[in-house]
Amino acid sequence: MKMSDPPFDFAPLLAPGLPPPAVKWTGFAKYNFIGGHNDADQVPLDALIKATNDVLTREGRTIATYGLASGPLGYLRLREFLAQKLKRTAGISCGADEILITSGSLQALDLVNGLLLAPGDTVIIEQATYQGALTRLARLGVNAVGIPLDGEGMRMDALAAALDDLKRRGVRPKYIYTIPTVQNPTGTILPEARRLDMLRLAAEHGVAIFEDDCYADLIWDGRRPPAIHALSRHGGVIHIGSFSKSIAPALRVGYIVADWDLLSRMLALKTDAGSGALEQMVLGEFCHAHFDAHVPRLTRGLRAKLQTLMDALNEQFGTAAEFDEPKGGIFLWVKLPDAVDTLKLFQPALAAGVAINPGPEWATDKEYSNSRTRLCFANGSHEAIRAGVATLAEVCRREFGVPARIANVEKVMD
Ligand SMILES: Cc1ncc(COP(=O)(O)O)c(C=O)c1O
């Protein structure tokens, strides 16, 4: 290009309705409480290196064909592992051919949405929920009706009332999206009785259930109710899961469990000619031998970090930070005093090196979530968690006057 040539302008060529552009990545914050990052020290590196070597040595030449030698549903050995694991831990009876491997469970969300949703549709969702689910629905022009949660997950009285209300208005929601087993962000587990109630209500109203079990492996006491998919006697449930939280998110491996009728429609929407092969092969090799021993080790480490976070919040914020102890996972959902607007706390906190997720980005109800924040405790070291919470308390006091006492020392307001 000569100096005098004007630069080519793509702006008039851009497709209509594009989402806002991504912001450039400038590195992680010093104290990183955002996103769903995992604990670097807990990545089972030696076993992953050995699995990579073993599987490539044995069957590496299969990468010469699209879909390995397994076809478009994904690496067979990994699907076989999932079928037996889902049976053992979640009670799901499915064959390897009822599992589709996806590029992270985010692709699973896209495929299920692509299968079922059109602009103007309505879905039911937990009032506090996964931001990635909310932004997808907004972009699709789908109306999301939020159902309040309590200490045992989605409230069934509120679900029944919402379904009745929608019916009166002639609206049949497409699905109930739920994260029933270690909910994001609240960390609750929906008991079996509520799962059965949800199935009954969904059947009565002709609504599907979309079950996202992203965090189900990370339960402190290892005990979980059967998956909603497992409890259903008439189908109607699509189940998704992920290896992001149990092994590592950068691998980008998730999955969908559904009947072939539905998987065949979703396969037609999955236009990437198969998810990345290497990570599927490595996981297939690793999981058969090591998954069951790895997960309790990871979970013990996460529980210890949660304790550090809760202790640091109690010490630095005192009664100004309220939270219920999650039953597992990697998040603490924290309520700060009403005066604190977490969308406004976000920037000054980041400037001080602390990244937090503001509540309104994780909820359908802005008023409920305005003074709430989601903190991920998996990524930082114990020292970083303590130092990050101390810094956050200083910023919060400076910006909003709370907590008035920090580390039990009364501060004179400037
Ligand atoms: C509830 C839930 N579902 C799905 C995902 C997507 O995860 P991934 O695409 O890494 O499997 C996340 C990530 O944080 C999540 O929290």
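Q: Before the ligand, what counts as a polar contact here?
A: A polar contact is a pair of N or O atoms within 3.5 Å. The model is a predicted one.

Q: OK, so how far is the polar side-chain atom of Tyr215 from an oxygen atom of the ligand?
A: The distance is 2.6 Å. The pair therefore counts as a polar contact, given the 3.5 Å cut-off.

Q: What about Arg252, how far is its side chain from a ligand oxygen?
A: An N or O atom of the Arg252 side chain sits 2.7 Å from an oxygen atom of the ligand.

Q: And Ser105, is it backbone or side chain that lies 2.7 Å from the ligand oxygen?
A: Backbone: an N or O atom of the Ser105 main chain is 2.7 Å from an oxygen atom of the ligand.

Q: How much of the ligand does the protein bury?
A: The protein buries 95% of the 400 Å² that the ligand exposes when taken alone.

Q: How many residues surround it, and which are closest?
A: The ligand is surrounded by 14 residues, and the closest are Ser105, Asp212, Tyr215, Ser242 and Ser244.

Q: What's the mix by class in that shell?
A: Six residues are nonpolar, five are polar and three are charged.

Q: Which element gives the largest share of the shell?
A: Helix 3, residues 104–116, with three residues.

Q: Switching topic. How many disulfides are there?
A: Zero, from a search of the whole structure.

Q: Why is Cys94 not bonded to Cys287?
A: The closest cysteine sulfur to that of Cys94 is the one in Cys287, and at 15 Å it is too far for a bond. A disulfide needs the two sulfur atoms within 2.5 Å.

Q: And Cys376, how far away is its nearest cysteine sulfur?
A: That sulfur belongs to Cys214 and is 12 Å away, and Cys376 is in no disulfide.

Q: Are those two buried or exposed, Cys94 and Cys376?
A: Cys94 is buried, at 14% relative accessible area. Cys376 is buried too, at 1%.

Q: Now the open sheet with three strands. What's the order?
A: The order is 11-14-13, with antiparallel pairing.

Q: Which are the edge strands?
A: Strand 11 (331–335) and strand 13 (357–358), each of which pairs on one side only.

Q: How many bridges join strand 13 to strand 14?
A: Two, and the strands run antiparallel, with strand 14 covering residues 372–376.

Q: What does Pro358 stand opposite?
A: Thr373, in strand 14.

Methods: Residues numbered from 1 in each chain as written. Predicted model: local features only at pLDDT ≥ 70, side-chain atom pairs only at ≥ 80, totals over all residues. Heavy atoms only, no water. Buried < 20%, exposed > 50% of the residue type's maximum accessible area, 1.4 Å probe, protein only. Near = heavy atom within 4 Å. Polar contact = N/O pair within 3.5 Å; in protein donor to acceptor, adjacent residues only side chain to side chain. Areas by Shrake-Rupley, 256 points an atom, 1.4 Å probe, with all protein chains shown as cover. Helix = DSSP H or I, 4+ residues; strand = E, 2+ residues; numbered from the N terminus. Nonpolar A, V, L, I, M, F, W, Y, C, P; charged D, E, K, R; others polar. Pairing = 2+ DSSP bridges.
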